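Work through the exercises below with the sequence and the model open. Try each task before reading its solution.

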Amino acid sequence: MSETMSTNEKKKPPLNGRRALPSNNSNDEENEVPEMEAFGFIPRGFNPKDYLHVVDIHMFKEPHEINKQQHHTDKYYSPKLIVRRGQPFQIQIDFNRPYKPETDQFWLEYLIGRYPQQNKGTYIPILVGDVQKPGEWGAKITHKENNSIRLSIMSSATCIVGKFRLYVAVWTPFGILRTHRNSATDTYILFNPWCQQDAVYLDDEKEREEYVLNDVGVVFHGNINEIKLRSWSYGQFEENILDACLFLMDKAELELSGRGNPIKICRVASAVINSRDDNGVIAGSWDNTYTYGVAPSAWTGSVDILLEYYSSKQPVRYGQCWVFAGVFNTFLRCLGIPARLVTNYSSAHDNNANLQLDFFLDDEGQVDTKITKDSVWNYHCWNEAWMTRPDLPVGFGGWQVVDGTPQETSDGMYRCGPASVQAIKHGHVCFQFDAPFVYAEVNSDIVYSRRQKNGTQVIEKIDTTHIGQLIVTKEVGGDGMMEITEEYKFPEGSAEERLALETAVMYGVKKQTAQDTTYQPQTDVDMDFQVQKAVLGSDFKVTITFRNKSRNYYTATTYLSGNIVFYTGVPKNEFKKHSFSAKLEPSSSSTFDVLIKSSEYLSDLLDQASFHFFVTARITETGKILAMQKATVLEIPTLRIKTQGEMVAGKEMSVTVEFTNPLKQTLENVTLRLEGPGVLKTMKKEFRQIPVNSTLIWEVKCTPKRPGLRKLIASLNCDALRHVYGELNVQIQKP
């Protein structure tokens with residue numbers, strides 16, 4: 001007895017006491033389906049060939065054929081059938097003889113995963129009928145000719161998204177005969193923003209073309225005073241990307257039965273996009289050392305990252321927020337969920353979710369970095385995905401924030417969202433998921449406080465307008481910028497804004513009030529400063545302006561601190577300290593210039609060429625402090641891309657990338673990348689050195705695959721210089 005037990009156990013997967021079947025969370029695994037399922041004993045004279053028998057199945061799966069055209073899936077670089085749910089598609093079955101509906105009985109079976117079950121939506125038998133109900137599984141015969149029939153098949157608008165296996169089953173008096181396993185008939189079913197019953201339905205065709213079908217996009221970076229943009233290749237239709245995206249859901253162990261729900265998919269994907277706690281796709285690194293990996297600024301798109309992860313199953317190094325968001329956007333668009341990449345300028349990373357960022361000043365009025373834990377990111381990128389939210393009250397569907405960058409944990413994992421943008425705007429942060437964190441990212445106040453000798457905290461300044469000043473995304477149908485700040489918040493200082501804040505506080509967002517501590521600012525003197533725009537490698541100046549509105553003479557002891565910072569607002573080091581005494585005449589303005597030399601900052605520069613200036617001034621006569629901070633980014637030179645010869649699909653063409661070294665030093669170990677979806681796969685080239693003022697030229701030959709307007713994207717990367725990009729729109733002609 002014991003021997004037979006052990007052999008049996010080996011075959012069966014391990015069970016636990018709570019479920020009859022193991023969890024079904026891999027789209028990749030299959031079960032064996034019997035080709036002959038007998039009803040009992042089979043008589044000796046039984047010959048399957050006497051009955052209706054399937055000779056061939058035509059899937060109409062070529063890009064130019066009806067299915068991929070009607071389902072907007074003709075761009076996928078895949079030989080298999082890809083359709084969208086809730087919309088009919090066609091197949092043709094060839095039998096060994098004409099089909100006779102009076103006596104012949106056959107049906108279709110769609111299966112997904114290792115343990116198909118009808119009640120879980122993983123085993124779908126479809127009988128052939130006369131009527132098709134919209135948005136429900138069904139099939140009807142549209143055409144009969146000789147031994148062939150043409151079927152129109154409707155999938156459910158809520159069905160699982162993934163790769164299904166197809167069998168045709170024929171009934172005989174002695175058992176069921178099935179077609180053998182044939183991977184050529186596998187059918188991918190995706191979300192359908194064109195179908196009204198689908199949870200991701202989007203009613204505007206221009207928006208669907210942008211948010212689902214556009215395979216390149218724009219990332220806005222830099223900072224609020226100097227907005228920069230670069231292109232990103234999403235490449236959701238490129239070879240093997242769809243399989244890689246389905247693999248991510250297997251990796252996250254999302255039950256197959258939950259894969260028809262965009263809320264669940266977004267939630268698990270926001271965790272698996274980063275490598276924290278689940279060995280997900282991208283390892284983040286914000287410390288400017290990228291040994292054994294690719295610097296985040298060097299990536300030009302998502303395809304290389306997803307394919308590397310799909311093959312190695314190990315996190316790809318390295319990413320920062322726009323890389324996480326770029327890959328997440330590819331994942332969402334690939335599965336058919338409308339998505340866009342969003343940038344929030346001056347984004348708060350509030351460690352204790354009290355809606356305020358605490359900056360502590362020392363006696364001199366300079367920021368004490370030892371106890372200041374909160375930070376302001378120059379910008380932060382996340383994604384918005386479009387879907388209904390049946391789990392929330394009416395009115396909170398539409399755009400949802402999802403964020404794959406690991407910042408804080410949510411239910412024990414590094415993930416964020418989906419959080420309704422509408423709920424954030426109105427302060428209804430009680431609605432899942434992670435709305436308070438996103439609310440703080442766009443709405444926190446900056447509080448400057450100083451601990452006096454006797455230990456009491458004095459608030460020197462509260463800045464209510466610095467955070468979330470501008471929230472943007474790429475415009476529909478163009479490369480320009482579209483401001484969406486008003487989707488997230490009411491106008492600064494309006495009655496609605498106060499009400500939304502009170503609502504958020506009521507729902508448990510902690511907000512400390514200024515009444516806890518004494519706060520009496522100096523109101524009769526204004527201070528501001530401007531940083532001159534400068535190109536990387538040149539000197540520039542900071543101009544500080546005081547406006548004394550009183551009738552008194554004042555003296556201001558002024559400190560300027562210049563820091564090289566990561567774009568997350570975390571300082572690396574102080575490269576400039578300057579203090580001076582400013583005499584302020586009554587009722588007048590005075591300006592003071594501070595020169596910043598390139599030699600002071602070049603040796604320590606980080607990859608985003610980002611500076612952060614604090615200016616604090618103490619008015620001698622009153623002891624009050626004025627404080628202000630600003631981030632600034634240097635102009636970084638760009639790559640030039642040119643093409644030669646005619647640009648026709650299927651014909652070889654040549655692309656040239658040029659770059660001139662602007663620094664007063666030789667650039668070493670330079671890596672160039674070039675890619676363009678539909679034109680060329682990512683190419684890399686290493687250069688040992690680029691001397692001062694010399695120009696590098698790299699020529700590449702390629703053969704574009706698809707006609708239409710395409711984009712070439714290039715990046716240059718080395719230790720001394722990062723975030724160097726170039727791009728070019730090219731019109732590929734039909735052959």
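The expected span of a helix is 1.5 Å times one less than its number of residues. The model is predicted.

**Exercise 1. Compare the span of helix 11 with the expected span, then find which of its residues are buried and which are exposed.**

Step 1. Helix 11 runs over residues 495-506 and has twelve residues. From first C-alpha to last it reaches 16 Å, close to the 16 Å expected at 1.5 Å a residue.

Step 2. Sort by burial, with under 20% relative accessible area as the cut-off for buried. Glu 497, Ala 500, Leu 501, Thr 503 and Ala 504 are buried in helix 11.

Step 3. Place them around the axis. These residues cover an arc of only 160°, so they sit on the same side of helix 11.

Step 4. Turn to the other side of helix 11. Ala 495, Leu 499, Glu 502 and Met 506 are exposed there.

Step 5. Look for the cover. The buried residues of helix 11 are covered by elements including helix 8 (421-426) and helix 9 (435-443).

**Exercise 2. Divide the chain into domains and locate its largest nonpolar core.**

Step 1. Mark the domains. They are domain 1 (36-190), domain 2 (214-507), domain 3 (525-633) and domain 4 (640-732). Between domain 1 and domain 4, the C-alpha centres lie 47 Å apart.

Step 2. Find the core. The largest nonpolar core has 67 residues. Leu 242, Leu 248, Trp 322, Phe 331, Leu 332 and Leu 335 have the most contacts inside it.

Step 3. Trace its sources. Helix 7 (residues 321-335) gives the largest share of this core, eleven residues. Domain 1 and domain 2 each supply at least three residues to it.

Step 4. Look elsewhere. Another core, of 61 residues, lies apart from this one. Val 542, Tyr 601, Leu 663 and Leu 680 are among its residues.

Step 5. Return to Phe 331. Leaving out residues up to four places away in sequence, Phe 331 touches Cys 245, Leu 248, Met 249, Ile 265 and Ala 269.

**Exercise 3. Decide how far helix 4 is enclosed, and name what it packs against.**

Step 1. Count the buried residues. Helix 4 (residues 241-251) has nine of its eleven residues buried, so the rest of the structure largely encloses it.

Step 2. Name them. They are Ile 241, Leu 242, Ala 244, Cys 245, Leu 246, Phe 247, Leu 248, Met 249 and Asp 250.

Step 3. List the partners. Among the strands, strand 3 (81-84), strand 9 (162-172) and strand 11 (187-190) pack against the buried residues of helix 4. Helix 5 (262-272), helix 6 (303-312) and helix 7 do so too.

Step 4. Check both flanks. Asn 240 lies in the loop between strand 13 (226-233) and helix 4. Asn 240 is not a glycine, yet its phi is positive, about 70°. With a relative accessible area of 38%, Asn 240 is partly exposed. Just after helix 4, Glu 253 also takes a positive phi, of about 55°.

**Exercise 4. How many disulfides does the structure hold?**

Step 1. Count. The structure holds zero disulfides.

Step 2. Test Cys 195. Its nearest cysteine sulfur, that of Cys 159, is 10 Å away. Cys 195 is buried, at a relative accessible area of 5%.

Step 3. Test Cys 381. Its sulfur is 4.1 Å from that of Cys 321, the closest cysteine sulfur, and this is too far for a bond. The cut-off for a disulfide is within 2.5 Å. Cys 381 is buried, at 0% relative accessibility.

**Exercise 5. Find the backbone setting of Tyr 318, Phe 433 and Tyr 292.**

Step 1. Take Tyr 318, in strand 15 (residues 316-319). The peptide bond from Arg 317 to Tyr 318 is cis, with omega near 5°.

Step 2. Take Phe 433, in the loop between helix 8 and helix 9. The peptide bond from Gln 432 to Phe 433 is cis, again with omega near 5°.

Step 3. Take Tyr 292, in the loop between strand 14 (282-284) and helix 6. Tyr 292 has a positive phi of about 60° although it is not a glycine. Tyr 292 is exposed, with a relative accessible area of 74%.

**Exercise 6. Is Val 679 buried or exposed, and what does it touch?**

Step 1. Locate Val 679 in the loop between strand 36 (667-676) and strand 37 (680-690).

Step 2. Read its accessibility. At 3%, Val 679 counts as buried.

Step 3. List its contacts, not counting residues up to four places away in sequence. Val 679 touches Cys 702, Thr 703, Pro 704, Lys 705, Arg 710, Leu 712 and Ile 732.

Notes
Residues numbered from 1 in each chain as written. Predicted model: local features only at pLDDT ≥ 70, side-chain atom pairs only at ≥ 80, totals over all residues. Heavy atoms only, no water. Core = buried A, V, L, I, M, F, W, Y, C linked by side-chain atoms within 4.5 Å. Buried < 20%, exposed > 50% of the residue type's maximum accessible area, 1.4 Å probe, protein only. Helix = DSSP H or I, 4+ residues; strand = E, 2+ residues; numbered from the N terminus. Domains from an automatic or database assignment. Contact = heavy atoms within 4.5 Å. Arc of directions from axis to C-beta.
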